[in-house]
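Q: Could you take me slowly through the central sheet of this model, strand by strand, and then through what lies around it? I am new to reading structures, so please connect each part to the one before.

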Amino acid sequence: MSDQLTFQNPVDRFPDITPPEQDQPEPGLDAELIPNTDRGEDSYRGTGRLEGRRALITGSDSGIGAAVAIAFAREGADVALSYLPEEEEDAQYVARLIEDAGRTALCLPGDLSDPEFCRDVVRQAADGLGGLDALVNNAGRQIAVKDIADLTDEQWEHTFATNIHAMFRVVKAALEFLPAGSTIVNSTSVQAYSPSAHLIDYASTKAAINNFTKGMATQLAPRGVRVNGVAPGPIWTPLQVSDGQPKEALPHFGKNTPLGRAGQPTELAPAYVFLTSTESSYVLGETLNVNGGQPTP
Ligand code: NAD
Ligand code: MG
C-alpha cells in the first residue's frame, strides 16, 4: 500500500467518484456515506512530527477532522475528539484507530453551539490529556438553501453559532492552557473567496474565519502561539449529504476542479500536521488552500 510520501500522480491518486444521490439527517455519518471516504486508515504514515503533543480537534469523528485526528495520533500526539452525541459510532471508529497508534483518545461529545459547552470541552480536554498545546477548530455545519427568501433567521444564526461563534469561544477558553509553542489551526473553505449561490450563510462564516485567523495570529504571535487556517475545496464527507449540497449536485461533486475529482479527507491531513508542527514556526496568519487547483486570492 502506498502512503502520502509515495510518488504518485495527483489526478488519479484517488478515484474520480460519482456519488449517488443520497440523504442523511444532519450531522450525517461517515459509516453510512456512499462511497466510503479515505481518512488515511490504510495509508497515512507518521514520521514523529507531533511527538508528545496534546491536541483538541473539533468535528473529529468524521471527514476532514477524522483524517486529521488519525494523522496527529500517528505523528505522536494524544487527541481529544469533539463531536455531536449523534456521532458516537463515527467517533468510536476514530478513537480505536488513535489507540491502535499507541496514543490516547479522549471522547468529548457535546454541542458547540452552546457557549457553556465550548468552555467545558476545552477544560475536559486539558484535564484528560494533562495539558493542551494544539487546537484544531474544524467543526462546522453547511445547509444548502437556494433562495434567501427561504433562509430563516434560525438557520442563519445556527450556522454562525456553530462555525464562528464557537471558534471564538473555544479559542478564548483554550488560551488559559496553551503554552508558548502551541498552535491553532482553523478550518475555513474556498467558499470564503468563491461563495456558492446556495451557501450564503455558510460562505459568510468562512470569510469571517479567514479574517479571525489573521487577526488572532497577529494578536497571539508575541505569546508564541501560532494561528493558521486550512481552506479545503470539495472534499467527500458526510457534510455534503446532510443537506450540504442540493441532492442533484452530488454526482458531479468536485468534478469541476482542475484535478477533475473530489478530494479525500486524508489529503487534508498533511496541511494540518504542517501548521501544527514546529517545522512551520515562521508561518502565521496563513490560509493553506487544499482545493484541487482552484485559484485563490
Ligand atoms: P463532517 O460532517 O465530517 O465534519 C463536520 C463536523 O462538525 C461534524 O462531524 C460534527 O462533529 C461537527 N459539528 C457540526 N455541528 C456541530 C455542533 N453544533 N457541535 C459540535 N460539533 C459540530 O464534514 P467535513 O467536510 O469534514 O467538515 C469539516 C470542516 O471542513 C468544516 O468546518 C467544513 O466547513 C470544512 N470544509 C469542508 C469542505 C468539504 O468539501 N467537505 C470544504 C471546505 C471546508
Ligand atoms: Mg461527523
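A: What follows is a walk through the sheet, then the helices beside it, and finally the metal site and one loop.

The model is a predicted one, and its sheet is an open one of seven strands, which pair in the parallel sense and are arranged in the order E3-E2-E1-E4-E5-E6-E7. At the edges stand strand E3 (105–109) and strand E7 (287–290), each of which pairs on one side only. From one strand to its neighbour the sheet turns by 15 degrees on average, direction ignored.

A good place to look closely is strand E4, made up of residues 134–137. In a regular strand, the side chains alternate between the two faces of the sheet. In E4, Ala 134 and Val 136 lie on one side, while Leu 135 and Asn 137 lie on the other, and all of these are buried, so both faces of the strand are covered. Strands of a sheet pair through backbone hydrogen bonds, either parallel or antiparallel. E4 pairs with E1 in the parallel sense over three bridges, and it is joined to strand E5 (residues 183–187), again in parallel, by four bridges. Leu 135 shows both connections, for it stands opposite Leu 56 and also has Ile 184 in E5 as a bridge partner. Further along the sheet, strand E6 (residues 226–232) runs parallel to E7 and is joined to it by four bridges, and in this pairing Ala 231 has Asn 289 of E7 as its bridge partner.

Helices pack against this sheet. H2 touches E2 and E3, and its direction makes about 175 degrees with that of E2. Helix H3 (residues 115–129) lies across E1, E2 and E3, running at about 165 degrees to E3.

H3 also meets a second helix. Two packed helices are described by the angle between their axes and the distance between the axes. For H3 and helix H4 (residues 153–174), the axes come within 9 Å and cross at roughly 35 degrees, and the crossing is right-handed. On the H3 side the contact involves Pro 115, Cys 118, Arg 119 and Val 122, which meet Ala 166, Arg 169, Val 170, Ala 173 and Ala 174 of H4. Sorted by kind, the residues of this contact are seven nonpolar, no polar and two charged.

The metal site brings us back to the strands E1 and E2. The magnesium ion (ligand 2) is coordinated by Asp 61 (OD), Ser 62 (OG) and Glu 87 (OE), at 2.1 to 2.2 Å. Asp 61 sits in the loop between strand E1 (54–58) and helix H1 (63–74), whereas Glu 87 sits in the loop between strand E2 (78–83) and helix H2 (88–100), so that the pair, 26 residues apart, links distant parts of the chain. Along the chain, the donors follow the spacing D-S-x24-E. Asp 61 counts as buried because its relative accessible area is 2%, and Glu 87 is likewise buried because its value is 6%, the cut-off for this word being under 20%.

A loop residue offers the opposite case. Asn 256 is placed in the loop between E6 and helix H6 (269–276), and it counts as exposed because its relative accessible area is 68%, where the word exposed requires over 50%. The C-alpha atoms of Asn 256 and Glu 86 are separated by 33 Å, and these two residues are 170 residues apart along the chain.

Methods: Residues are numbered from 1 along each chain as its sequence is written. Chains are lettered from A and ligands numbered from 1 in the order in which they are written. This is a predicted model: local features need pLDDT of at least 70, side-chain atom pairs count only at pLDDT 80 or more; totals for chains, interfaces and linings use all residues. Side-chain values use heavy atoms; hydrogens and water are left out. Donors are N, O and S atoms within 2.8 Å of the metal (3.2 Å for Na, K and Ca); water is not among the atoms, so sites may look incomplete. Helices (H or I, at least four residues) and strands (E, at least two) are DSSP runs, numbered from the N terminus. Buried means under 20% relative accessible area, exposed over 50%, partly exposed in between (1.4 Å probe, protein chains only). Two strands pair if DSSP finds at least two bridges between them. Axes are lines fitted to C-alpha atoms, for helices over the stretch in contact, and angles run from 0 to 180 degrees between N-to-C directions. Contact means heavy atoms within 4.5 Å. A crossing is left-handed if the near helix is turned anticlockwise from the far one by less than a right angle, and right-handed if clockwise. Ala, Val, Leu, Ile, Met, Phe, Trp, Tyr, Cys and Pro count as nonpolar, Asp, Glu, Lys and Arg as charged, and the others, Gly among them, as polar.
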